[in-house]
Amino acid sequence: MKFLLRRNFLKLAGALIATPALPRLSSALDYPTRPTKIVAGFAAGGGVDITARLIGQWLADHLGQPFVVENRTGAGGNIGTEAVVNAAPDGYTLLLATVPNAVNASLYEKLSFNFVRDIAPVAGVIRVPMVVLVHPAVSAQTLAEFIAYAKANPGKVNMASAGSGSAPHMAGELFKMMTGVDMVHVPYRGQGPALTDLLGGQVQILFAAAPGTADHIKTGKLRALAVTTAARMAELPEIPTVGDFVGGYEASQWYGFAAPKNTPAEIVEKLNKEINAAIADPGMKARLAAIGGAPMPGSPADFGRLIADETEKWGKVVRTGGLKPE
């Protein structure tokens, strides 16, 4: 009798211990059961916003619940990132992560979060090349000639960027570090104003995200010296890479999804599977190609390695250049 009572007690205790875990497992497997927010740390209409909306619509169509983009701008993306880091780790708040997230870890001295430690990588989406553009008034016809020109005119070449810590800024700073040229950084509020001033000749060079630049190159309004990715662009096959002149150079814009740390692995894997399906879909690939994006498939761990590598890479550039937020 005592044995039976003890056995029944243990069975009941085991059931009680297991019960609290069931709702969590169920909610993870049923996810999503309500709308999910995608935080974009930059203004509407840019690459971050467009990518978030394209993938958000796919997720809504395939997972049966709305995925709503919220633009939380400011501090180079830090305000939006902080909102996600502090959100409940339940899969209902996501971040569209990008290069500044890796840069800001060293660019800003005091942040309330550690991006690598405090987020859960979900999936990469796309990688976007940049083009080294100069105004036609610059005499250099090749990147090698431009390096010689810049070295002969230290501190006299103005380098525009889409803002402090942006991918175009960091691509230029990496170029400065690896070649030893001295150029003056002129930050703008986005690539549009920077491109306008480059066309007007107020600045001499811009490392620009490729979308929206092809017409200026073809009409001769701007001269393309190189692309920043390791391989040439299919859209501009005649343009060499920076690496052809500066060994080991590579820089690109990239976008991917992240969630607060401790988000259930089942939810992360479900999102990863759907995002990888999205970027493999011919229709979605065409839409992403329209903003210059090449699919960047992989596991959550793959995206996590990219974030860690980029954080280390840009941290070295920030420290070498003594860069500060502007």
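**Two sheets and the helices packed on them**

Helix α8, formed by residues 167–179, lies across strands β5 (130–134), β6, β7 and β8 (205–209), and runs at about 145° to β6. This arrangement belongs to a predicted model, and the account below begins with the strands that α8 covers before turning to a second sheet and its helices.

The strands in question form an open sheet of five, in the order β7-β6-β8-β5-β9, with mixed pairing. The edges are taken by β7 and β9 (223–227), each of which has a single partner strand, so one side of each is left without a neighbour in the sheet. From one strand to the next, the twist averages 30°.

Within this sheet, strand β6 (residues 157–161) pairs with strand β7 (residues 183–187) in the parallel sense, over five bridges. Two positions illustrate the register: Val 157 stands opposite Met 183 in β7, and Ala 160 stands opposite Val 186 in β7. Four of the five residues of β6 are buried, so the strand is largely enclosed by the rest of the structure.

The second sheet is also open and mixed in its pairing; six strands form it, in the order β2-β1-β3-β10-β4-β11. Here β2 (67–71) and β11 (294–295) stand at the edges with a single partner strand each, so one side of each is left without a neighbour in the sheet. Helix α11 packs on this sheet and touches β2, β3 (93–98), β4, β10 (253–260) and β11, while the direction of α11 makes about 5° with that of β4. At the β11 edge, strand β4 (residues 119–128) and β11 run antiparallel and are joined by two bridges. One residue to inspect is Arg 127, whose bridge partner in β11 is Ala 294.

Helix α11 also packs against other helices. Two packed helices are described by the angle between their axes and the distance between the axes. For helix α3 (residues 47–63) and helix α11 (residues 265–280), the angle is about 115° and the axes are 10 Å apart. That angle makes α3 roughly perpendicular to α11. The crossing of these two helices is right-handed. On the α3 side, the contact involves Ile 55, Trp 58, Leu 59, His 62 and Leu 63; these meet Lys 270, Leu 271, Glu 274, Ile 275, Ala 277, Ala 278 and Ile 279 of α11. The residues of this contact comprise nine nonpolar, one polar and two charged.

Helix α12 (residues 282–289) follows a separate course: its axis and that of α11 come within 5 Å and cross at roughly 75°. This crossing makes α11 roughly perpendicular to α12. The contact is built from Ala 278, Ile 279 and Ala 280 of α11 together with Pro 282, Met 284, Lys 285 and Leu 288 of α12. In this contact, six residues are nonpolar, none is polar and one is charged. Ala 278 and Ile 279 thus appear in the contact of α11 with α3 and in that with α12.

The loop between α12 and β11 contains Gly 293. With a relative accessibility of 9%, Gly 293 counts as buried. Beyond its neighbours within four places in sequence, Gly 293 is in contact with Ile 126, Arg 127, Val 128 and Leu 288. Leu 288 is also one of the α12 residues that meet α11, and Arg 127 is the bridge partner of Ala 294 in β11. Gly 293 and Ala 40, 253 residues apart in sequence, are 17 Å apart in space from C-alpha to C-alpha.

Note on methods. Residues are numbered from 1 along each chain as its sequence is written. This is a predicted model: local features need pLDDT of at least 70, side-chain atom pairs count only at pLDDT 80 or more; totals for chains, interfaces and linings use all residues. Side-chain values use heavy atoms; hydrogens and water are left out. Axes are lines fitted to C-alpha atoms, for helices over the stretch in contact, and angles run from 0 to 180 degrees between N-to-C directions. Angles under 35 degrees count as roughly parallel, over 145 as roughly antiparallel, 65 to 115 as roughly perpendicular and the rest as oblique. A crossing is left-handed if the near helix is turned anticlockwise from the far one by less than a right angle, and right-handed if clockwise. Contact means heavy atoms within 4.5 Å. Ala, Val, Leu, Ile, Met, Phe, Trp, Tyr, Cys and Pro count as nonpolar, Asp, Glu, Lys and Arg as charged, and the others, Gly among them, as polar. Two strands pair if DSSP finds at least two bridges between them. Buried means under 20% relative accessible area, exposed over 50%, partly exposed in between (1.4 Å probe, protein chains only).
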